[in-house]
Amino acid sequence: MRCPSCNKFPSLDLGEAEGEIGSCDYDTEKGELTIYITANLKLNTVCCGDEVKEGNFEIEITHDVGKLDCKCDEFEAEVDEISGCDRYETKNPRTGKPYAPRFQKHFYGVEGKVSYSCSCGKTEGKIDFEDEMQASSMDEIA
Ligand SMILES: [Zn+2]
Ligand SMILES: [Zn+2]
């Protein structure tokens, strides 16, 4: 892939990350909150700052909120913070043996926090979330 502005083979930088709540379900019997987040991460060319790749993430987090002091059966959630991140996997996670450099895997991901509260606002908190995908699975932005 070449940079659309200068035609070089570009290095890529983490770009904008965005996330929003898909839905937020509270299971009154189990006291469990399940939050679905859809997130998007863009990658920019280092040379010209063009957005050239993106990844879409569907994240599900389950959180035990325990017994409520109130009688609410509905919760709301919002994405407080989100940012992009990346890492190289340099050894086999199962055996711990290092990979030869050309077999190292590059992952891009998103990490952040959601805050939740019940309808009356008595029960509230924050939960961390993260997800990642291999660099090769990201889509080119046409
Ligand atoms: Zn460029
Ligand atoms: Zn409440």
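Two strands are taken to pair if DSSP finds at least two bridges between them, the strands being DSSP runs of E with at least two residues, and helices runs of H or I with at least four, all numbered from the N terminus.

**Figure 1. The hairpin of β1 and β2.** In this view β1 (12-27) and β2 (32-45) run antiparallel and are joined by 13 bridges. Within that pairing, I21 of β1 has I37 as its bridge partner in β2. Four residues lie between the two strands of the hairpin, where G31 takes a positive phi near 70 degrees. The model is predicted, so that local features need pLDDT of at least 70 and side-chain atom pairs count only at pLDDT 80 or more, whereas totals for chains, interfaces and linings use all residues. Residues are numbered from 1 along each chain as its sequence is written, and chains are lettered from A and ligands numbered from 1 in the order in which they are written.

**Figure 2. The whole chain, for orientation.** The chain holds zero helices and seven strands, and its elements, read from the N terminus, run β-β-β-β-β-β-β. Its C-alpha atoms fill a box of roughly 60 × 40 × 20 Å along the principal axes. The radius of gyration, taken over C-alpha atoms, is 19 Å, whereas a compact globule of 142 residues would have a value near 14 Å, by the rule of 2.2 Å times the number of residues to the power 0.38. Buried residues, which have 20 or more other C-beta atoms within 10 Å of their own (exposed ones have 12 or fewer, partly exposed ones lie in between, and C-beta atoms are placed from the backbone), make up 19% of the 142 residues. Of the contacts between residues at least 6 apart in sequence, 68% join residues at least 24 apart, a contact being a pair of C-beta atoms, placed from the backbone, within 7 Å. The mean pLDDT (the predictor's confidence in each residue, from 0 to 100) is 95, and 100% of the residues score at least 70; among the elements, β7 has the lowest mean, 96, and β2 the highest, 98.

**Figure 3. The four-stranded open sheet.** The strands stand in the order β1-β2-β3-β7, and the pairing is antiparallel. At the edges are β1 and β7 (139-140), each of which pairs on one side only. Strand β3, residues 51-64, is joined to β7 by two bridges, and K53 has E140 as its bridge partner in β7.

**Figure 4. The three-stranded open sheet.** Here the order is β4-β5-β6, again with antiparallel pairing. The edge strands, β4 (75-89) and β6 (124-134), each pair on one side only. Neighbouring strands of this sheet are turned by 20 degrees against each other on average, with direction ignored; the angle is taken between axes, which are lines fitted to C-alpha atoms. Strand β5, residues 105-118, is joined to the antiparallel β6 by eleven bridges, and for Y116 the bridge partner in β6 is G125.

**Figure 5. The largest nonpolar core and the surroundings of V114.** A nonpolar core is a set of buried Ala, Val, Leu, Ile, Met, Phe, Trp, Tyr and Cys residues joined through C-beta atoms within 7 Å. The largest one has 18 residues, and those with the most contacts inside it are I35, I37, A39, F75, V110, V114 and Y116. Two or more residues each come from β1, β2, β4 and β5. Apart from its neighbours within four places in sequence, V114 is in contact with I35, I37, A77, E78, V79, D80, K126, I127 and F129. In soluble globular proteins, nonpolar side chains tend to be buried together.

**Figure 6. P4 and N7 in the segment before β1.** P4 lies in the segment before β1 and is partly exposed, because 14 other C-beta atoms lie within 10 Å. Its C-alpha atom is separated by 8.8 Å from that of C48, which is 44 residues away along the chain. N7, also placed in the segment before β1, counts as exposed because it has 10 C-beta neighbours inside 10 Å. The phi of N7 is near 70 degrees, a positive value in a residue other than glycine. Most residues other than glycine have a negative phi.

**Figure 7. K97 in the loop between β4 and β5.** K97 lies in the loop that joins these strands, and it is exposed because 7 other C-beta atoms lie within 10 Å. Leaving aside its neighbours within four places in sequence, K97 is in contact with K91 and N92. L14, by contrast, is 83 residues from K97 in sequence and 28 Å from it in space, C-alpha to C-alpha.

Definitions and conventions:
Axes are lines fitted to C-alpha atoms, for helices over the stretch in contact, and angles run from 0 to 180 degrees between N-to-C directions. Two residues are in contact if their C-beta atoms, placed from the backbone, lie within 7 Å.
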